[in-house]
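Biologist: Before I rely on any labels for this protein, I would like to hear what stands behind them. Please take me through the reasoning.

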Amino acid sequence: MQRSIEASRSWAFFGGVGLYGLAFLFGAPAAYFPFAFFLLLALGALLLLLLHNALRSRWGLPLEPYLYPLARTLPLMGLLGLPFFLFLPELFPWARPEAALDPVLRHRSAYLNAPFMLLRYVLFFALFAWVLLKLRPGEHRAEVGAWGLPLVFAAGTFLAFDLFKSLEAHFYSASFGPLLLLSAAVLALAVAVALAARKGTPALMGQAQNHTNLLLALSIIWIYVEATTLIIIWGGDLPHEVEFYLKRLQGPWDEVAALWVVGGFFLPFLYLLTNLPKREARYLLPVALWIPFFRLLHLAWYLLPALGRGVGVGEALGFLGLGLLFLHRLRQG
């Protein structure tokens, strides 16, 4: 029996890696969107664990069995992201030959170049792995949370700039990294709460109210950063920045934006204000399942126009493969 369980887990791991590899047959951009989603999920889990340790919280205790496995996929995600360095011109405008003719990209070339980006990438993931080694399930390591949270947040911000913001040729926003990290924290919290809530109210250890309030608080902070970024950029009326939003408010992306604003914030916000999810897991579970879907739409709205594609077979294979890998990690604990 034990051997069959181990064999099934091995097949899940290698099957997940295989499906993720098949996504590259449809082009590197096809695999990039699933990679970005699961990377942010793992990074959001690490940020929540550091917050939980820094505050010596009780709300984090029932979520630890899910947050730790999610966060521990970060080193694996770092390895799975290395193949993209073989396809930089397919993904990033600054890596294409014509970038030498663009004064903005030429000005940024001291920072945005393949060797320096790879060095930063390796250092960031080494930092994440080192911080994870300092944390222990069932223990409150407040000092690790105190210095680890700002350090990981800063590294995650620069990683978001490197991997996601630089997909756009001229766009610049200092709040881009924090915005994606806040969205990642909401995503990871919703996934962990959903996994705990599906086992019933006792599994939440009396923390349903705190989980509800934390989802509400992080969602408010996220939408505040989202709105102020839009207002500042739109008010500044700089063509190289405004075009980022113009591209995402045309065609089907206009409807996607309305969906993630209404479904990703307003509806969960109104539901979380009620007393129902603060009392029982059966009322908290639906909204915890609802939120990740709209986090996915939010990330699609940010990344897919820059990648110049929609969701196809390649993306589906990537999501299926990485989903299997994350399920494999959750089962291992």
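What follows is a short exchange on one helix pair, one pocket and two cavities.

Modeller: Keep in mind that this is a predicted model.

Biologist: Why is H2 called roughly antiparallel to H4?

Modeller: Helix H2 (residues 28-55) and helix H4 (residues 74-81) pack at an angle of about 155 degrees, and their axes are 10 Å apart. Angles over 145 degrees count as roughly antiparallel, so H2 is roughly antiparallel to H4. The crossing of H2 past H4 is left-handed.

Biologist: Which residues in H2 and H4 meet?

Modeller: From H2 there are Phe 35, Phe 38, Leu 39, Ala 42, Leu 43 and Leu 46; from H4 there are Leu 74, Met 77, Leu 80 and Gly 81. By class, that contact has nine nonpolar residues, one polar and no charged.

Biologist: What makes one residue of that contact polar?

Modeller: Gly counts as polar in this scheme, and Gly 81 is among the H4 residues that meet H2.

Biologist: How is the lining of the largest pocket divided by class?

Modeller: It has 20 nonpolar residues, one polar and three charged. The pocket has a volume of about 440 Å³ and is lined by 24 residues, with Leu 70, Val 191, Leu 195, Leu 327 and Leu 330 nearest its centre.

Biologist: Which helix supplies the largest share of that lining?

Modeller: H13 does, with six residues. At least two residues each come from H2, helix H3 (64-71), helix H9 (176-197), helix H13 (281-307) and helix H14 (313-332).

Biologist: What makes one residue in the lining of the largest cavity charged?

Modeller: The lining consists of Phe 37, Leu 40, Leu 180, Ser 183, Ala 184, Leu 187, Arg 295, His 298 and Leu 299. Arg counts as charged, while Ser and His fall under polar. The tally is therefore six nonpolar, two polar and one charged. This cavity has a volume of about 60 Å³, and H9 gives the most to its lining, with four residues.

Biologist: How many cavities of 30 Å³ or more does a search of the whole structure find?

Modeller: Four. The second largest cavity holds about 50 Å³ of space. Its lining is Tyr 32, Phe 35, Gly 81, Phe 84, Phe 85, Leu 88, Phe 92, Met 117, Tyr 121 and Leu 163.

Biologist: Why does that lining have nine nonpolar residues, with Tyr in it?

Modeller: Tyr counts as nonpolar here and Gly as polar, so the lining of the second largest cavity comes to nine nonpolar, one polar and no charged residues.

How values were computed: Residues are numbered from 1 along each chain as its sequence is written. This is a predicted model: local features need pLDDT of at least 70, side-chain atom pairs count only at pLDDT 80 or more; totals for chains, interfaces and linings use all residues. Side-chain values use heavy atoms; hydrogens and water are left out. Axes are lines fitted to C-alpha atoms, for helices over the stretch in contact, and angles run from 0 to 180 degrees between N-to-C directions. Angles under 35 degrees count as roughly parallel, over 145 as roughly antiparallel, 65 to 115 as roughly perpendicular and the rest as oblique. A crossing is left-handed if the near helix is turned anticlockwise from the far one by less than a right angle, and right-handed if clockwise. Contact means heavy atoms within 4.5 Å. On a 1 Å grid over the protein atoms alone, a cavity is a set of points where a 1.4 Å probe fits but cannot get out, and a pocket is an open set with protein on both sides within 12 Å along at least five of seven lines; lining residues have an atom within 4 Å of a point. Grid points are joined across faces, edges and corners, and a volume is the space filled by probe spheres set on the points.
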